[in-house]
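Let's take a walk through this protein chain together. Have the sequence and the 3D view open, and follow along one pairing at a time.

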Amino acid sequence: MAQSTSSVITLKINGEKYTLPVDHRTTLLDALRERLDLTGTKKGCDQGQCGACTVLLDGRRAVACLQLAVAAEGREITTIEGVADGEQLHPVQQAFLDLDGFQCGYCTPGQICSAIGMIEEHAAGWPSAVTGDVRPEAGPPPLTAEEIRERMSGNLCRCGAYVSIVEAVARAAETGAHTNSPPAAGVSPAAGTKETVA
C-alpha cells in the first residue's frame with residue numbers, strides 16, 4: 001500500500017491555530033505565504049542563505065525556507081506579524097523605525113525576527129564566533145558592534161543598511177528588549193487562540 005504524501009496539520013502561529021492539508025515537502029515558508037497569507041515573512045534565496053524568511057520557532061531563530069511545515073507542527077511559530085503587542089511595537093521594531101534600520105524593507109521582517117532571537121541568545125550568555133571569553137561563568141559578553149555583526153551575519157541586506165541595523169539592535173538590547181519579549185516563543189500572552197481552517 002502506497003503511503004500518503006500529504007497530511008492535515010495544525011500550526012500554532014502568533015498565538016492562533018491554523019489547520020491545513022499540506023504536501024509533506026511543503027516548507028514552512030510556503031505554508032505561511034501561499035497557504036495562510038502571512039506574507040510578512042519574505043522569500044529571498046529559498047536556500048537558507050539570506051535570512052529574509054527568518055521566523056521564531058519556540059523562541060529561537062529559524063529560516064522558514066529550510067523548515068518543513070509538517071516538522072513545525074506542535075511548535076510555537078512567531079512571524080513578523082506576531083512580534084508587536086497589539087498597537088505597541090516590539091522594542092526591536094521601534095528601534096528599526098527610529099534609527100532607519102531599513103531601506104527597501106524586504107529583508108526587514110527577517111532582520112527583526114533574527115534580532116529578537118539574537119538578543120535573547122546574548123542575554124542567555126550564548127557566545128558567538130567573536131566572543132573572547134566563552135567560559136559560562138564569564139556571562140554574556142559586551143554586546144559590541146562586532147558581536148552584533150557576527151550574530152546577525154545570517155541576515156543579508158542588499159540595500160546595505162547594516163550600520164543602522166547594528167545601531168537599532170544595540171538600542172533595542174540596551175532598552176531591555178529581551179525582558180519585553182513575549183514568553184518563550186515570542187507570542188503575546190494576550191493573544192487569542194482561535195482555530196482557523198485553511
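Start with Glu76, which forms a salt bridge with Lys12, their closest N and O atoms being 2.9 Å apart. A salt bridge here is a side-chain nitrogen of Lys or Arg within 4 Å of a carboxyl oxygen of Asp or Glu. The pair ties together distant parts of the chain, with Glu76 in strand β5, Lys12 in strand β1, and their positions 64 residues apart. Helices (H or I, at least four residues) and strands (E, at least two) are DSSP runs, numbered from the N terminus.

A word on what you're looking at: this is a predicted model, where local features need pLDDT of at least 70 and side-chain atom pairs count only at pLDDT 80 or more, while totals for chains, interfaces and linings use all residues. Residues are numbered from 1 along each chain as its sequence is written, and side-chain values use heavy atoms, with hydrogens and water left out.

Back to our pair: are Glu76 and Lys12 hidden away? Glu76 is partly exposed, with a relative accessible area of 23%, and Lys12 is partly exposed too, at 26%. For these labels, buried means under 20% relative accessible area, exposed over 50%, and partly exposed in between (1.4 Å probe, protein chains only).

The two residues also meet through the backbone: the bridge partner of Lys12 in β5 is Glu76. Their strands, β1 and β5 (residues 76-78), pair in the parallel sense over 2 bridges. Two strands count as paired if DSSP finds at least two bridges between them.

Now turn to the other neighbour of β1. Strand β1 (residues 6-13) and strand β2 (residues 16-23) pair in the antiparallel sense over 8 bridges. Look for Ser6, whose bridge partner in β2 is Asp23. The two strands form a hairpin with 2 residues between them, and Asn14 in that turn has a positive phi of about 55 degrees.

There are further salt bridges to find, since by this rule the count comes to 10. Asp98 forms one with Arg171, the closest N and O atoms being 3.9 Å apart. This pair also links distant parts of the chain: Asp98 sits in helix α2 (residues 91-98) and Arg171 in helix α5, 73 residues apart. Asp98 is partly exposed at 45% relative accessible area, and Arg171 is partly exposed at 35%. The side chains of Glu137 and Arg135 meet in another salt bridge (3.4 Å, N to O). Glu137 is exposed, with a relative accessible area of 59%, while Arg135 is partly exposed at 46%. Elsewhere, Asp30, Lys43 and Asp46 are linked in a network of salt bridges.

Arg171 brought us to α5, so let's stay there. Helix α5 (residues 162-174) has 13 residues and reaches 18 Å from its first C-alpha to its last, close to the 18 Å expected at 1.5 Å a residue. That expected span is 1.5 Å times one less than the number of residues. Which residues of α5 are buried? They are Ser164, Ile165, Val166, Ala168, Val169, Ala172 and Ala173. An α-helix has 3.6 residues a turn, so residues three or four places apart point the same way. After the helix comes Gly176, whose phi is positive, near 80 degrees.

Finally, step back to the whole chain. Its secondary structure comes to 6 helices and 6 strands, following the pattern β-β-α-β-β-β-α-α-α-α-α-β along the sequence. Buried residues make up 44% of the 198 residues.
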